[in-house]
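Got your viewer open and ready? Let's take a walk through this one together, one selection at a time.

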Amino acid sequence: MLGSRSRRRSATADSLIGCAVGPAGGYDLREWEFSPSGGTVSDVPGPSDGRKPVFAAERRKRILELLRANGTLSLRQLAEAVQSSEVTVRRDVRALEADGLLDRHHGGASLPGELSREPTYLQKAQVAGDEKAAIADLAAALVEDGDAIAIGPGTTTHALAQRLTGHTDLTVVTNSLLVAQTLAGSPRIEVVVTGGTLRGPVQALIGSAAERSLAGLRMRRVFISGNGLTAERGLSTPNMQVAGTDRALAEAGEEVVVLADHTKVGVDTMVQTVPPERIDHLVTGEDASPEELHELSARGVRIHVARL
């Protein structure tokens, strides 16, 4: 276990600093300026004919179609997909909520019951694959030989584990079966697997046994993911038992590093796992909501943006 390090908060609210993945696979340090317009939402399909929904009824029908196809979405994602302002979309969401057709929450909307829906590993693996790979590349730069770290379950954290197999004198604590399996063949990496009850959809060990096995451990950094991330509530997940184990993982780290692709930023789910003040680093993609990143940065989170 490495010596204690002080928690450092170096990003400012006006300028977010992150390492970008260069075209040759290397890293360069760039200044990522806050821009209200942000990037495009590549994972939200648009109208098949490219036509902008003009009337409120047509726009609201499209919003419901998007939610059925993608689950929980932020207002920014919905606005981009229907080619309207966030103000207009917010009004549409309120009207649809009044009709009982969706659930409105901070910064976004979901179908009724969606906040508690837990996608399987295979379902999540189909979303933002290239972005997750870039995030994993960038997060791997935060791991050094000789480190003691923890890695939670998830598709992006699994991709991170795949990039650590060449490390030496590395200790990895995990409750993810996929992470453990990935690192099992690396002779210079010691893998510590928690106990617990297997939760099949996420291929992870959870519950009181997992939490007890993490009590008393201390790692330099904990790399963790989730189903949603907002500046107001931090990281969240739909399942209460998964949330309890994620909290235990976070408590074991001197620093918490959240890996979240843009489809999770600005999205809220049922159970809070890590509050924003406990998050030290966020590694995300360039299409993540600039407004949400701005708010997270203002709360002291250091933002790292992986560029494709």
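What follows is a tour of a predicted model, stop by stop.

**The whole chain**

Start with everything shown as a cartoon. You should be able to pick out 10 helices and 17 strands. The protein has 308 residues, and 54% of them count as buried. Now think about who touches whom: among contacts between residues at least 6 apart in sequence, 65% join residues that are at least 24 apart.

**Strand S6 and its partners**

Select residues 148–151, which make up strand S6. Show the side chains and look at both faces. Ala 148 and Ala 150 sit on one side, Ile 149 and Ile 151 on the other, and all four are buried.

Next, add residues 170–174, strand S7. S6 and S7 run parallel and are joined by four bridges. If you want a landmark, find Ile 151: across from it in S7 is Thr 174. How does the chain get from S6 to S7? It goes through helix H6, residues 155–162, in a right-handed β-α-β crossover.

Stay on H6 for a moment. Seven of its eight residues are buried; among them are Thr 155, Thr 156, Thr 157 and His 158.

Now bring in strand S11, residues 219–224. S11 is parallel to S6 too, with three bridges between them. Here the pair to click on is Ile 149 and its bridge partner, Arg 221.

**A buried acid**

Keep Arg 221 on screen and add Glu 255, which belongs to strand S14. The two side chains make a polar contact at 2.8 Å. Is Glu 255 buried or exposed? Its relative accessible area is 6%, so Glu 255 is buried.

**Asn 175, a busy loop residue**

Move on to Asn 175, in the loop between S7 and helix H7 (177–183). With a relative accessible area of 1%, this residue is buried too. Show what surrounds Asn 175: beyond its sequence neighbours within four places, its contacts include Ile 151, Gly 152, Pro 153, Thr 194, Gln 203, Thr 245 and Leu 249.

**The largest nonpolar core**

Time to look inside. In general, nonpolar side chains of soluble globular proteins tend to be buried together. The largest nonpolar core here has 27 residues, and Leu 229, Val 258, Leu 282 and Leu 296 are the ones that touch the most other members. Elements that each supply at least two residues include S6, S11, helix H9 (240–251), strand S14 (253–259) and helix H10 (290–298).

Click on Val 258 and show its surroundings. Leaving out residues up to four places away in sequence, Val 258 touches Ile 224, Leu 229, Leu 235, Ile 279, His 281, Leu 282 and Val 283. Apart from this core lies another, with 24 residues, including Ala 139, Ile 151, Leu 164 and Val 172.

**Helix H9**

Select H9 and check its length. Twelve residues at 1.5 Å each should span 16 Å, and the end C-alpha atoms are 17 Å apart, which agrees. Its buried residues include Val 242, Ala 243, Asp 246 and Leu 249. At the N-terminal end, Asn 239 acts as a cap, with a side-chain oxygen 3.0 Å from the backbone nitrogen of Gln 241.

**A hairpin and a small sheet**

Now for some antiparallel pairing. Strands S12 (228–230) and S13 (234–237) pair this way over three bridges, and a hairpin of three residues joins them. Thr 230 has Gly 234 as its bridge partner. On S13 you can also find an antiparallel pairing with strand S15 (271–274), again over three bridges, where Thr 237 is matched with Val 271.

Elsewhere, look for an open sheet of three strands in the order S3-S5-S4, with antiparallel pairing. Its edge strands are S3 (73–74) and S4 (103–105). S4 is joined to S5 (108–110) by three bridges, and His 105 stands opposite Gly 108.

**Last stop: Gly 200**

Finish in the loop between strands S9 (197–199) and S10 (204–206), where you'll find Gly 200. At 37% relative accessibility, Gly 200 counts as partly exposed. Try a distance check from there to Leu 177: the two C-alpha atoms are 9.9 Å apart, with 23 residues of separation in sequence.

How values were computed. Residues are numbered from 1 along each chain as its sequence is written. This is a predicted model: local features need pLDDT of at least 70, side-chain atom pairs count only at pLDDT 80 or more; totals for chains, interfaces and linings use all residues. Side-chain values use heavy atoms; hydrogens and water are left out. A nonpolar core is a set of buried Ala, Val, Leu, Ile, Met, Phe, Trp, Tyr and Cys residues joined through side-chain atoms within 4.5 Å. Buried means under 20% relative accessible area, exposed over 50%, partly exposed in between (1.4 Å probe, protein chains only). Contact means heavy atoms within 4.5 Å. Two strands pair if DSSP finds at least two bridges between them. A crossover is right-handed if, with the strands pointing away from the viewer, the path from the first strand over the helix to the second runs clockwise. The expected span of a helix is 1.5 Å times one less than its number of residues. A polar contact is a pair of N or O atoms within 3.5 Å; within protein, one must be able to donate a hydrogen and the other to accept it, and residues adjacent in sequence count only if both atoms are side-chain atoms.
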